[in-house]
Amino acid sequence: MPALECKELCKSYGRTMALDRLSLAIEPGRIVGLLGPNGSGKTTLIKLANGLLTPDEGYITICGRAPGPESRRDVSYLPERIAIPTWMSAKQLLDFYGDFYEDFRRDAAEEMLAHLNIAPDQRIKQMSKGTREKVQLIVVMSRAAKLYLLDEPIGGVDPATRDYILSTIIGNYNPEAAVVISTHLISDVEKVLDEVIFINQGRLMLQSSVDEIREEKGMSVDALFREVFRC
């Protein structure tokens with residue numbers, strides 16, 4: 001059963017069509033890059049999968065269920081912007097996640113905080129922007145979810161932090177789950193991807209394994225992206 005599947009999925013904002021009869025499936029055990037230009041529909045798809053928006057037409061399912069209270073137990077979502085309570089300390093945030101999510105692995109979260117030398121009693125509002133992003137990613141990846149939806153997880157951080165974030169994703173997700181990474185920084189994430197999905201103007205342009213792209217096209221995902229979406 002796909003971790004995420006949509007058929008003929010449509011979503012518009014007024015006269016602007018964000019998703020236009022999009023059909024695709026993402027299988028468990030895959031790390032998938034969701035790639036496309038600005039305004040291509042990536043964030044809309046992620047929000048629909050997380051139940052934050054509702055489709056105009058078609059359908060989307062998470063592990064066979066329509067997005068809703070039940071499916072949210074299976075989804076761990078990292079929004080593009082900081083969305084954790086900044087008045088909390090790191091320890092309070094772990095307490096909150098532990099109370100809210102039965103699948104929260106506190107030991108994993110504490111280990112990652114210690115690795116980053118983040119004091120448990122430090123308040124999130126006292127942290128730098130980059131450290132806040134790391135803490136938010138840590139709690140998201142410390143759930144034993146079936147689908148991880150990561151919207152621009154490395155967008156606002158320096159290259160060294162990007163490497164840490166990518167290694168955190170690889171080392172801490174449930175291997176039976178699917179990970180969807182939406183990003184513009186393709187060359188940075190390509191090394192961790194099993195598969196890529198290209199979308200543009202809400203339509204599917206390509207879904208392929210990274211190995212197939214390298215073997216059949218003779219180029220990297222980043223080079224193919226530049227060729228497909230050349231202005």
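**Figure 1. Three strands pair in the order β2-β1-β4 to make an open, antiparallel sheet.** This close-up, like the others here, comes from a predicted model. At the edges of the sheet sit β2 (16–26) and β4, each of which pairs on one side only. From one strand to the next, the twist averages 25°. If you follow β1 (residues 4–13) alongside β4, you will find 5 bridges joining the two antiparallel strands. A handy landmark is C6, which stands opposite I60 in β4. Helix α1 (residues 42–49) packs on this sheet and touches β1, β2 and β4. The direction of helix α1 makes about 115° with that of β1.

**Figure 2. E57 in strand β4 and the residues around it.** Strand β4 covers residues 57–62, and E57 belongs to it. Is E57 buried, partly exposed or exposed? With a relative accessibility of 40%, E57 counts as partly exposed. Setting aside neighbours within four places in sequence, E57 is in contact with E8, L9, C10 and R21. Take E8: it is 49 residues from E57 along the chain, yet their C-alpha atoms are separated by 7.1 Å. With R21, the link is between side chains, where E57 makes a polar contact at 3.1 Å.

**Figure 3. Ring pairs link F96, Y97, F100, Y101 and F104 into a cluster.** The structure as a whole holds 8 aromatic pairs. One of them is formed by Y97 and F104, whose rings are tilted, at 5.7 Å centre to centre and with 50° between the planes. Why do both of these residues count as buried? The cut-off for buried is under 20% relative accessible area, and Y97 has 12% while F104 has 11%, so both fall on the buried side of it. Another member of the cluster, Y101, has a charged visitor: the charged end of R143 sits over the ring of Y101, 3.9 Å from its centre.

**Figure 4. F198 and F229 form a tilted aromatic pair.** Two values describe how these rings meet: their centres are 5.6 Å apart, and there is 55° between the planes. Which parts of the chain does the pair tie together? F198 lies in strand β8 (residues 195–200) and F229 in the segment after α8 (221–228), so the pair ties together parts that are 31 residues apart in sequence. Both F198 and F229 are buried.

Methods:
Residues are numbered from 1 along each chain as its sequence is written. This is a predicted model: local features need pLDDT of at least 70, side-chain atom pairs count only at pLDDT 80 or more; totals for chains, interfaces and linings use all residues. Side-chain values use heavy atoms; hydrogens and water are left out. Rings of Phe, Tyr and Trp (its six-membered ring) pair if their centres lie within 6.5 Å; planes under 30 degrees apart count as stacked, over 60 as edge-to-face and the rest as tilted. Buried means under 20% relative accessible area, exposed over 50%, partly exposed in between (1.4 Å probe, protein chains only). Helices (H or I, at least four residues) and strands (E, at least two) are DSSP runs, numbered from the N terminus. A charge sits over a ring if NZ of Lys or CZ of Arg is within 6 Å of the ring centre and within 35 degrees of the ring normal. Contact means heavy atoms within 4.5 Å. A polar contact is a pair of N or O atoms within 3.5 Å; within protein, one must be able to donate a hydrogen and the other to accept it, and residues adjacent in sequence count only if both atoms are side-chain atoms. Two strands pair if DSSP finds at least two bridges between them. Axes are lines fitted to C-alpha atoms, for helices over the stretch in contact, and angles run from 0 to 180 degrees between N-to-C directions.
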